[in-house]
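Work through the exercises below with the sequence and the model open side by side. Each task is followed by a solution that proceeds step by step.

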Amino acid sequence: MDFLKIFGRSEKKSKNVAKERLKLVLIHDRANLSPNFLEMIKGDIIRVISDYMVIDEEGLDIKLTRTRNDNDNTPISALVANIPILKMKENSID
């Protein structure tokens with residue numbers, strides 16, 4: 001019986017992962033962004049931020065998502081970035 005519970009849990013996780021991937025594909029499609037374009041944006045963000053701080057590029061997470069406009073509650077695309085900062089660079093403000 002425990003084996004079936006464990007199997008059922010992994011099935012739910014797979015279902016949720018697949019659902020999230022499908023959402024991302026739909027968002028990218030609606031925004032007319034290719035995966036290559038998103039990678040170019042990611043590279044540009046890394047280059048600009050790296051001028052001012054040392055970041056953990058392995059922990060970097062940039063994705064396109066859908067949210068609602070605060071003013072009129074209409075759906076809009078949003079670029080969300082989670083960028084782990086290791087330290088500020090000393091000469092970044094000069």
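**Exercise 1.** In this predicted model, determine which residues of H2 are buried and how they are placed around the helix axis.

*Solution.* Begin with the buried positions of H2, which are Leu38, Ile41, Ile46, Ile49 and Ser50. These residues cover an arc of only 160 degrees around the axis, and therefore they lie on the same side of H2. The general background to such a pattern is that an α-helix has 3.6 residues a turn, so residues three or four places apart point the same way. Next, turn to the face of H2 that points away from the buried side, where the exposed residues Asn36, Met40, Arg47 and Val48 are found. Finally, check the length of the helix: H2 has 16 residues and spans 22 Å from its first C-alpha to its last, which is close to the 22 Å expected at 1.5 Å a residue.

**Exercise 2.** Decide whether Ile46 is buried or exposed, and find what it touches beyond its neighbours up to four places away in sequence.

*Solution.* First locate Ile46, which sits in helix H2. Its relative accessibility is 15%, and because the cut-off for buried is under 20%, Ile46 counts as buried. Then, leaving out residues up to four places away in sequence, list its contacts, which are Ile55, Glu57 and Leu60. For one of these pairs the separation can be stated: Ile46 and Glu57 are 11 residues apart in sequence, while their C-alpha atoms are 7.8 Å apart in space.

**Exercise 3.** Identify the members of the largest nonpolar core, and state which elements each supply at least two of its residues.

*Solution.* The largest nonpolar core has seven residues, namely Ile46, Ile49, Met53, Ile55, Leu60, Ile62 and Ile83. Helix H2 (35-50) and strand E1 (53-55) each contribute at least two residues to this core. Now follow Leu60, which, apart from neighbours within four places in sequence, is in contact with Lys42, Ile46, Asn82, Ile83 and Pro84.

**Exercise 4.** Describe the protein chain as a whole, from the order of its elements to its burial and exposed surface.

*Solution.* Start by counting the secondary structure, which comes to two helices and four strands, arranged along the sequence in the pattern α-α-β-β-β-β. Then consider burial: of the 94 residues of the chain, 16% count as buried. The chain exposes about 8,000 Å², and carbon and sulfur atoms supply 54% of that area. Last, among contacts with a separation of 6 or more, residues 24 or more positions apart account for 49%.

How values were computed: Residues numbered from 1 in each chain as written. Predicted model: local features only at pLDDT ≥ 70, side-chain atom pairs only at ≥ 80, totals over all residues. Heavy atoms only, no water. Core = buried A, V, L, I, M, F, W, Y, C linked by side-chain atoms within 4.5 Å. Buried < 20%, exposed > 50% of the residue type's maximum accessible area, 1.4 Å probe, protein only. Contact = heavy atoms within 4.5 Å. Areas by Shrake-Rupley, 256 points an atom, 1.4 Å probe, with all protein chains shown as cover. Expected span 1.5 Å × (residues − 1). Arc of directions from axis to C-beta.
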